[in-house]
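Visitor: I would like to learn how the labels on a protein model are earned. Could you take me through a few of them?

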Amino acid sequence: QMPQVLVKLKKYPQGDKDFTEDVNCAFEFLLKLTPLLDKADQRCNCNCMSLLLQECSKQGLLSEANMTNLIDKRTADKENSPCLKSAENANIQPNPGLILRAEPTVTNILKTMDADHSKSPEGLLGVLGHMLSGKSLDLLLAAAAATGKLKSFARKFVKLNEFTKQITGEISKSGSVRALLFDISFLMLCHVAQTYGSEVILSESTPPGEVPFFETWMLTCMPEEGKILNPDHPCFRPDSTKVESLVALLNNSSEMKLVQMKWHEVCLSISAAILEILNAWENGVLTFESIQKITDNIKGKVCSMAVCAVAWLVAHVRMLGLDEREKSLQMIRQLATPLYGENTLQFYNERVVIMSSILEHMCADVLQQTATQIKFPSTGMDTIPYWNLLPPKKPIKEVLTNVFTKVLEKGWVDSRSIHIFDTLLHMGGVYWFCNNLVKELLKETRKEHTLRAVELLYAIFCLDMQQLTLTLLGHILPNLLTDSSKWHTLMDPPGKALAKLSVWCALSSYSSHNKGQASARQKKRHREDIEDYISLFPLDDTQPSKLMRLLSSNEEDSNILSSPNRSMSSSLSASQLHTVSMRDPLNRVLANLFLLISSILGAKTAGTHTQFVQWFMEECVECLEQGSRGSILQFMPFTVVSELVKVSTMSSPKIVLAITDLSLPLGRRVAAKAIAAL
């Protein structure tokens with residue numbers, strides 16, 4: 001669609017400028033975004049830039065010479081890209097030409113989906129069956145995405161999934177049609193969520209109590225990248241009577257019944273049923289043959305049941321020890337193997353292909369984590385080029401150290417390394433990831449290496465800046481600053497580099513946080529972390545925070561840091577006068593960090609930790625001078641100003657004015673007093 005837009009732009013008066021040169025210049029800029037173009041080429045299994053340039057040349061938007069030059073540059077760049085180059089890669093994604101031809105079909109399907117489903121469910125089932133065959137589904141989804149109709153497409157399937165809740169006066173044939181409509185719509189929605197992101201499916205505004213079943217299940221029960229599920233969450237523990245009847249049905253029936261079945265309730269109950277079945281198997285109540293019969297019942301008619309069961313098993317396996325995982329992984333293997341029998345419902349082979357693709361995505365992380373091999377049937381779907389990046393059986397700390405060392409040598413983070421870091425962050429957790437990378441930074445002793453490491457770590461932390469900043473400022477820095485045995489690690493240059501990284505992360509998180517620019521990963525997190533940070537960092541007058549108790553626990557030298565019984569007025573900051581919400585984890589962590597800084601500056605003994613605080617404040621001032629005024633320093637207690645001006649490098653009126661909130665009368669008084677004392 002871009003060439004058509006450029007043709008329209010060309011019609012506007014350009015003055016003396018040559019429009020084709022402008023287009024050429026724009027493409028030169030686009031060529032610099034190599035990782036973006038590599039990703040696009042992987043998704044589309046073609047050289048997107050080359051196709052686009054040829055189309056622009058046909059429309060007279062680029063000269064032949066410029067087009068050839070740009071294509072040659074992109075071809076040279078592509079040689080270093082991490083895409084799969086084997087013949088197996090030939091079927092990854094539909095060809096762009098096919099997508100264009102599929103666009104009218106999308107419009108027709110949307111019209112069909114608008115009809116009253118109750119009048120002709122069999123006709124609708126026929127349309128859906130054709131969508132599932134071969135590569136049709138990916139082709140149609142790509143066409144819907146290209147024309148901006150994907151959200152509408154997904155919403156129609158959410159409505160269809162809701163329609164299948166109607167079971168009044170159902171007979172045998174209509175029962176199987178309804179089961180198929182539920183199953184196909186559920187599988188399609190899972191596939192859309194995994195391919196294009198769950199945001200595509202979520203409705204803009206749904207009144208509480210009217211949230212569709214699939215949305216509820218997807219948000220609470222579906223494993224996604226960057227979302228760790230709790231297998232004991234209430235969403236996995238429905239009504240016990242429904243669970244008992246489902247276990248009995250799976251264990252005693254030769255096959256699943258279809259008439260009058262409430263499939264949305266079955267999908268919500270299957271996780272608790274699987275837990276009961278697993279416990280029975282582990283305690284010798286059920287044999288392996290019984291487990292095979294049960295898993296055959298789960299996957300034999302309605303593939304959605306297998307998807308919901310594996311979603312819970314993936315969360316469950318994460319919580320188990322190495323020696324406890326065998327039966328859970330065996331059950332995943334059983335559920336992922338299709339049932340090749342005659343007594344399956346219509347379009348079973350087509351539905352199994354999508355089910356296998358969904359399960360493969362769901363299990364990727366946990367299989368890599370447990371070094372387990374499960375052979376999924378060949379789906380013909382998009383393979384994930386960065387899977388199996390981590391060498392099996394190799395400790396993840398060793399992998400992290402090796403990759404960071406290579407990145408530091410090169411001086412930039414390539415696309416493959418980013419994927420490895422992302423996998424390690426997801427696998428090891430935020431604290432483990434942040435703590436080990438900070439240790440790598442503190443090992444560096446050459447100034448140029450530490451500065452390069454700071455820039456690289458800042459780039460890597462963008463994988464989840466908000467959570468990594470909370471960990472860095474709320475856990476790692478306080479531990480380093482309050483443990484005298486670690487103070488030697490904070491010497492220059494690594495200590496100064498860590499101060500710089502801390503300020504960059506704090507300012508970046510605070511500014512994006514206040515603009516509401518939460519990442520997709522951050523939006524998916526549950527709000528339990530608010531309560532975690534409130535209990536970890538209480539800021540009221542009655543209960544000293546964990547951090548302040550930590551300060552007072554150094555019995556060997558009680559003078560190292562100031563007494564915890566200092567009056568709370570000494571912690572008064574501009575943020576309290578501006579009534580900034582302290583329910584927010586980032587605000588709490590910043591307030592506590594500045595309380596710690598205040599304590600260190602007021603202590604009778606100085607050391608490398610005092611020098612670290614000085615570097616931290618200097619970096620804050622430098623960044624503020626670059627236009628970040630009025631951000632994180634509002635959490636600094638006013639008493640810090642008088643302590644800071646005693647430090648030679650900070651004793652100037654300019655610095656006093658930079659770190660004090662002059663919009664407040666108290667801020668102006670504090671600044672005046674500090675300047676008078678210089």
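**How the labels are earned**

Guide: Let us start at the surface, where Val 5, Leu 9 and Tyr 12 form a nonpolar patch with about 310 Å² of accessible area together. This is a predicted model, where local features need pLDDT of at least 70, side-chain atom pairs count only at pLDDT 80 or more, and totals for chains, interfaces and linings use all residues. Residues are numbered from 1 along each chain as its sequence is written, and side-chain values use heavy atoms, with hydrogens and water left out.

Visitor: What makes a patch?

Guide: Patches are made of residues with over 30% relative accessible area and no salt bridge (a side-chain nitrogen of Lys or Arg within 4 Å of a carboxyl oxygen of Asp or Glu). Like charges are joined within 9 Å, and nonpolar side chains (Val, Leu, Ile, Met, Phe, Trp, Tyr) within 5 Å. The areas come from the Shrake-Rupley method with a 1.4 Å probe, and for residues only the protein chains shown count as cover.

Visitor: Why is Leu 9 called partly exposed?

Guide: Buried means under 20% relative accessible area, exposed over 50%, and partly exposed in between (1.4 Å probe, protein chains only). Leu 9 has a relative accessible area of 40%, so it is partly exposed. Leu 9 lies in helix H1 (residues 2-10); helices (H or I, at least four residues) and strands (E, at least two) are DSSP runs, numbered from the N terminus.

Visitor: Why does Lys 500 count as buried?

Guide: Lys 500 has 19% relative accessibility, so it counts as buried. This lysine, Lys 500, is found in helix H23 (residues 494-514). Leaving aside neighbours within four places in sequence, Lys 500 is in contact (heavy atoms within 4.5 Å) with Leu 451, Val 454 and Glu 619.

Visitor: And why is Ile 396 called partly exposed?

Guide: Ile 396 stands at 26% relative accessibility, so it counts as partly exposed. Its place is in helix H18 (residues 396-410). Ile 396 and Met 427 are 31 residues apart in sequence, and 8.6 Å apart in space, C-alpha to C-alpha.

Visitor: How do you know that the largest nonpolar core lies between two domains?

Guide: A nonpolar core is a set of buried Ala, Val, Leu, Ile, Met, Phe, Trp, Tyr and Cys residues joined through side-chain atoms within 4.5 Å. The largest has 103 residues, and Leu 128, Trp 217, Trp 263 and Val 307 have the most contacts inside it. Domain 2 (96-203 + 211-220) and domain 3 (234-370) both give residues to this core, so it lies between them; domain bounds come from an automatic or database domain assignment.
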